[in-house]
Amino acid sequence: YSFCTLLCPKMGCGTSKRSMMAFSAIHNADRAHKTKLEDNMETDSEQEESDEEASQSDEENMDPLNNPFGTYEKDTHKNKVVGDTLQPEPEEFFYGDFNIDCDQMQQLQKKKARKPRASLVMRPPRRESDNAFQFSDFAVTVVSDLDDEIVAAHLQKKKEEGKRLKKEEEEALFQFGDFKIKKRDRKDRSTESERKHIKRFTVKNLLGHSTRVKTIGLVANERSYISCSNMDTELGMYDMTTGHEIVSFVGHASTISGASLSPNSKLVATTSTDYNMIIWDAVTGKQLFVFEHSKIVVCSCFSTDSRFVVSGSQDRVCRVWDSKRGKLLRCYSGHTGIIISLTFSPTMDTVASASSDRTLKIWNATTGVDVYNLLGHSRIVLNCRYSHDGQRLVSNDEQVVRVWNTSTGQSLHQIKVEGIQAIVAPRGKSFTWTYCSFCPGSIQPLCYYVIVACSDRTVRVFQTTTSREILQIYCKTVVYCLDSGNSSRAVLGDSYGNVYTVHFE
């Protein structure tokens, strides 16, 4: 009342009474608010006490001896259950097929945040390392989870599978027109510096002579060949494609017994039963020199540089001539039979001769000394040829083909006719070898392949190291002469006068 009087001293009793009632209501509301606040505080304290008691009971219940899920760690996060040992935060995590580096991701994000946005040109972020790259908002590091042993085992298995497939392919036989081809075996490429294979071959029959082809030779460029029959007194050079005659060599008084071409394709040597050997110009067909002998001249051969030519005759002597000056240089004597075949080594240091005395001799080309006397043939040696590298010599009689080591004079391999199945049995004659030579130079691998003519109308190619037959070429009749080139071609001549050109690929 006094408060109301002080506020309104001029007011009447009615006004004072009303003010007193309003003040009393305000006071009562204030006391009720204070009481409510005190009740709330007591409730909060009781709740905190109950929470502490529950926390203590949880710690007692989370004893590591009684809790199978781990220990309770008091941390900023409530009710966090962790393992027995604390695990550090991972530095990397996997995102799909990628390995994410957290540190690199943070660094790239910081650089991205610092980068000014004034430029509108978008540039890719720089790589933090060679093994990391940007993938969306992550720095990705590519890793391989394959173990080295697993990789090595996979590669070895793949290699063995490849070898098995190669072996199956090599052993396969297939028909190629009228020919049956058996693929040559192949060794590991790591064991040989150079590998050359006969993938296919083509045979072409040309119009030859009216009677048996006596001699045949292939020009160095393999575009033409020389040949004559056993009844001809002249030699002809013919085109390999058309078979047309290019040039003829006329001058012998009797039948020609043999012919040879110089490696530079400039000279031709012919031997005849008129006891002479004539040197011709291969381009014009002009006679250059006539070398007289005491008996029939059977065979001849040029040296690698075409400067020398060696001849063999029925007087059992080999003679070396200068093809440019037309002079006799030296003689090799030692055979007891007729000289049937001659060959100059590619290195020009030796000359090999085959004779009817069933032996071969290797002579020193300079001194004429008998270096090796090769024994092993049981019949007349029909032919001999050096390999293109000069390390091997092949020869044949009617029963066996032999391959010799020219450095030691030893017989390395032999191919007997008894082990070969005849395609066509000769009428009234035994199955024999007729001629042999090495395969053309470009397909000559390190293991040496020989091409051999048989009396069953076939020409066969053998691998000499294993005596394995690679392929067969069928002819109309027996082939008695052949020659192989320096690249990929060979020429054959049969007893009917047919000439065959063979192209190996």
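Start by selecting strands E26 and E27 (residues 392-396): the two pair in the antiparallel sense over four bridges. Strands here are DSSP E runs of at least two residues and helices are H or I runs of at least four, numbered from the N terminus, and two strands count as paired if DSSP finds at least two bridges between them. For a single rung of this pairing, pick Tyr386, whose bridge partner in E27 is Leu393.

Before going further, a word on what is on screen. This is a predicted model, where local features need pLDDT of at least 70, side-chain atom pairs count only at pLDDT 80 or more, and totals for chains, interfaces and linings use all residues. Residues are numbered from 1 along each chain as its sequence is written, and side-chain values use heavy atoms, with hydrogens and water left out.

**The sheet around E26**

Now widen the selection to E26-E27-E28-E29, which is the strand order of an open, antiparallel sheet of four strands. Look at its edges, strand E26 (383-386) and strand E29 (411-416): each has a single partner strand, so one side of each is left without a neighbour in the sheet. On average, neighbouring strands of this sheet are turned by 15° against each other, direction ignored; the axes behind such angles are lines fitted to C-alpha atoms (for helices over the stretch in contact), with angles running from 0 to 180 degrees between N-to-C directions.

**A second four-stranded sheet**

Move to E18-E19-E20-E21, again the order of an open sheet of four strands with antiparallel pairing. Which strands stand at the edges? They are E18 (297-302) and E21 (327-333), and each has a single partner strand, so one side of each has no neighbour in the sheet. The twist from one strand to the next averages 25°. Zoom in on E18 and E19 (residues 308-313), an antiparallel pair joined over five bridges. One of the residues to click is Cys301, whose bridge partner in E19 is Val310.

Stay in E19 and select Gly312. Is Gly312 buried or exposed? Gly312 is buried, at a relative accessible area of 1%; buried means under 20%, exposed over 50% and partly exposed in between (1.4 Å probe, protein chains only). Leaving out residues up to four places away in sequence, Gly312 touches Val297, Val298, Cys299, Val317, Ile339 and Leu342, where contact means heavy atoms within 4.5 Å. Try a distance label to Ile340, 28 residues apart along the chain: the C-alpha atoms are separated by 7.0 Å.

Ser313 is also found in strand E19, and it counts as buried at 1% relative accessibility. Beyond its neighbours within four places in sequence, the contacts of Ser313 include His293, Lys295, Arg319 and Ile338.

**Salt bridges**

Next, show charged side chains. The whole structure holds eight salt bridges, each a side-chain nitrogen of Lys or Arg within 4 Å of a carboxyl oxygen of Asp or Glu. Among them is Asp322 with Arg325, at 2.9 Å from N to O. Asp322 is buried at 5% relative accessibility, whereas Arg325 is exposed at 54%.

Then centre on Arg460, which meets Asp456 in a salt bridge (2.6 Å, N to O) and Glu469 in another (3.2 Å, N to O). These shared partners join Asp456, Arg460 and Glu469 into one network. Asp456 is buried, with a relative accessible area of 1%, and both Glu469 and Arg460 are buried.

**Zooming out**

Finally, show the whole chain, with its four helices and 36 strands. Of its 505 residues, 40% count as buried.
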